[in-house]
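User: Please take a close look at one part of this model, the packing of its helices, and walk me through it in one connected account.

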Amino acid sequence: HLSLRRQRQMCIRDRAYQTVTETSLTGREAEAVCFRMLIDELEAANQSADSQVRSRALDRHQRLWSMIMKANILDNGLTVEEDRRLFVRLADQAQKYGIQAILDPEMSLVPLIEIAENVLAGLEMAPGGKVQGSSALA
């Protein structure tokens with residue numbers, strides 16, 4: 001059984017995901033928040049012996065990457081073709097590994113964490129390659 005503290009943390013995290021989608025953050029800021037939360041959840045799952053914690057983290061991982069893939073498959077005119085292809089390729093790789101990790105509970109989640117960290121680093125870069133200043137979210 002999950003401890004009361006862990007249940008509260010999961011409830012807070014669920015509300016945080018919902019809050020991100022309902023606030024006036026820019027798309028880039030909201031994406032960065034989602035990836036920070038995903039990284040935290042994957043790291044916790046990688047350290048936990050609880051299969052439900054792992055399953056929940058992998059489910060969120062798969063859903064996030066599925067949304068990213070869907071958003072980038074079709075040309076909406078907002079993203080450069082090269083970037084769209086990169087996002088689709090990353091989503092494909094992350095989801096394939098995620099499926100393997102779902103099927104094999106002994107697989108490390110470190111590769112998924114590293115992909116998410118790389119995306120987060122890119123999101124935190126301002127145009128021109130400079131790291132953005134700290135925000136209220138950091």
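Analyst: The secondary structure of the protein amounts to 5 helices and 2 strands, which follow one another along the sequence in the pattern α-α-α-α-α-β-β. The model is a predicted one, and what follows should be read in that light. Of the 138 residues of the protein, 31% count as buried, and among the contacts between residues at least 6 apart in sequence, 59% join residues at least 24 apart.

The account can begin with helix H3, residues 51-73. For its 23 residues, a rise of 1.5 Å a residue predicts a span of 33 Å, and the end C-alpha atoms of H3 are 32 Å apart, which agrees. At the start of H3, a side-chain oxygen of Asp 50 comes to within 2.8 Å of the backbone nitrogen of Gln 52. The buried residues of H3 include apolar side chains and others alike: Val 53, Ala 57, Leu 58, Leu 64, Trp 65, Ile 68 and Met 69 are among them, as are Arg 54, Arg 60, His 61, Gln 62 and Asn 72.

Helix H4 also has 23 residues, and its first and last C-alpha atoms lie 33 Å apart, close to the 33 Å expected at 1.5 Å a residue. The axes of H3 and H4 come within 9 Å and cross at roughly 155°; since angles over 145 degrees count as roughly antiparallel, H3 is roughly antiparallel to H4. The crossing of H3 past H4 is left-handed. On the H3 side, the residues making this contact include Arg 54, Leu 58, His 61, Gln 62, Trp 65 and Met 69, while those of H4 include Ala 91, Ala 94, Gln 95, Gly 98 and Ala 101. The buried residues of H4 are Arg 84, Ala 91, Ala 94, Gln 95, Gly 98 and Ala 101, and these buried residues pack against H3 and H5.

Within this contact, Gln 95 of helix H4 deserves a separate look. Gln 95 has a relative accessible area of 15%, and because buried means under 20%, this residue is classed as buried. Leaving aside residues up to four places away in sequence, Gln 95 touches His 61, Gln 62, Trp 65, Ser 66 and Met 69, and each of these five residues is listed on the H3 side of the contact between the two helices.

Beyond H4, the chain passes through a loop between helix H4 (81-103) and helix H5 (110-123), and Met 107 is found in that loop. With a relative accessibility of 18%, Met 107 counts as buried. Not counting residues up to four places away in sequence, Met 107 touches Arg 54, Tyr 97, Gln 100 and Ala 101; of these, Arg 54 belongs to the buried residues of H3, and Ala 101 to those of H4. Met 107 and Asn 46 are separated by 61 residues in sequence, yet their C-alpha atoms are 9.0 Å apart in space.

Asn 46 leads to the other helix pair, in which the axes of helix H2 (residues 27-47) and H5 come within 9 Å and cross at roughly 160°. H2 and H5 are therefore roughly antiparallel to each other, and H2 passes H5 in a left-handed crossing. Asn 46 is one of the H2 residues in this contact, along with others including Phe 35, Leu 38, Ile 39 and Leu 42, and the residues contributed by H5 include Val 110, Leu 112, Ile 113, Ala 116, Val 119, Leu 120 and Leu 123.

Key. Residues numbered from 1 in each chain as written. Predicted model: local features only at pLDDT ≥ 70, side-chain atom pairs only at ≥ 80, totals over all residues. Heavy atoms only, no water. Helix = DSSP H or I, 4+ residues; strand = E, 2+ residues; numbered from the N terminus. Buried < 20%, exposed > 50% of the residue type's maximum accessible area, 1.4 Å probe, protein only. Contact = heavy atoms within 4.5 Å. Expected span 1.5 Å × (residues − 1). Polar contact = N/O pair within 3.5 Å; in protein donor to acceptor, adjacent residues only side chain to side chain. Axes fitted to C-alpha atoms, helices over the stretch in contact; angles between N-to-C directions. Parallel < 35°, antiparallel > 145°, perpendicular 65-115°, else oblique. Left-handed = near helix turned anticlockwise from the far one by under 90°.
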